[in-house]
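Hello,

Here is the structure I promised to pass on to you. Have a look at it first, and then read my notes below.

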Amino acid sequence: MKGRWLWWGLIVVSLMGCGQSSLRNGAESKESLAQVYTNLGLAYIQQGNNDTALDKFFKALEQDADHADAHHYIASIYQQQGQLEKADQHYQRALRLDAENPMLQNNYGTFLCERDQYPQAEKLFLDAAKNPRYNTPALAYENAGLCALRAGDAQKAERHFRAALEINSKLPGTLYQMALLMVNSERPLPARAYLQRYSELVAPEPRSLWLGILIERKLGDAQAVANYSMRLKSNFPNTEEARLLRESEKK
């Protein structure tokens, strides 16, 4: 798949946001012991100590076997560790207990997509995107688009990416994917526009410079091709994209 997946990073950021909120309000709300253990687990995740975090989450379940957040976070750690069957079990349990949690919908969707369960993953992404409780619906649409690309459905991916950009027109990953989809479908002019928007948000990098070369070659702009090529060779000479450029120039 050509997209960049940041599932675990997004999961950790999301979980820490929830955990910090709970910690701030813990004394006032007289949290259950299960929630206290869950908050401790989140604190250990923040320190990079997932083994201890896992122990705290299981202690939370000893206090309350139906604590949805604990199941969710256990699933996320197991996913990172590659213990996929265990992760799936805890994701499913969490979803049964808290079916309308948009963060859970999005995170379980990423898990299912990585296991090639595309229809189920898409449904969860779209449920999250349309969930009024979710603060970042554009990212859920972006994930749906990436998942469609993984499934080989470029048309569906484009629809999801467009939906993401309607919500957030400055979503870098989606802009890049749209530029790539446009050039691959022989629409170089809109591809150029999407890449320009992407380049306004992200510093030059090998993949964007190489994509610029591909786009400008299709548009017949030799000067633009030369400019992109010079920057790629000068700034990123040892990358795969630079190798592809050198190989293409020999033809």
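Let me start with one residue: D221 is partly exposed, with a relative accessible area of 30% (buried means under 20% relative accessible area, exposed over 50%, partly exposed in between, with a 1.4 Å probe and protein chains only). Please keep in mind that this is a predicted model, in which local features need pLDDT of at least 70, side-chain atom pairs count only at pLDDT 80 or more, and totals for chains, interfaces and linings use all residues. Residues are numbered from 1 along each chain as its sequence is written, and side-chain values use heavy atoms, with hydrogens and water left out.

D221 has a salt-bridge partner in R192, with the closest N and O atoms 3.7 Å apart (a salt bridge is a side-chain nitrogen of Lys or Arg within 4 Å of a carboxyl oxygen of Asp or Glu). R192 belongs to helix α11 and D221 to the loop between α12 (206–219) and α13 (222–235), so the pair links distant parts of the chain, 29 residues apart. R192 is also partly exposed, at 24% relative accessible area.

The structure holds 15 salt bridges in total. Another one joins E158 and R187, at 2.9 Å from N to O. Because E158 sits in helix α9 (residues 154–167) and R187 in the loop between α10 and α11 (188–199), this pair ties together parts that are 29 residues apart in sequence. E158 is buried, with a relative accessible area of 14%, whereas R187 is partly exposed at 31%. E85, D88 and R115 are linked in a network of salt bridges.

Now for the overall fold. The protein chain has 14 helices and zero strands (helices are DSSP runs of H or I with at least four residues, strands runs of E with at least two, numbered from the N terminus). Of its 251 residues, 46% count as buried.

One helix pair may interest you: α8 (residues 137–150) and α10 (residues 172–184) pack at an angle of about 35°, with their axes 10 Å apart (axes are lines fitted to C-alpha atoms, for helices over the stretch in contact, and angles run from 0 to 180 degrees between N-to-C directions). E142, L146 and L149 of α8 make the contact with G173, T174, Q177 and L181 of α10 (contact means heavy atoms within 4.5 Å).

Enjoy exploring it!

Best wishes
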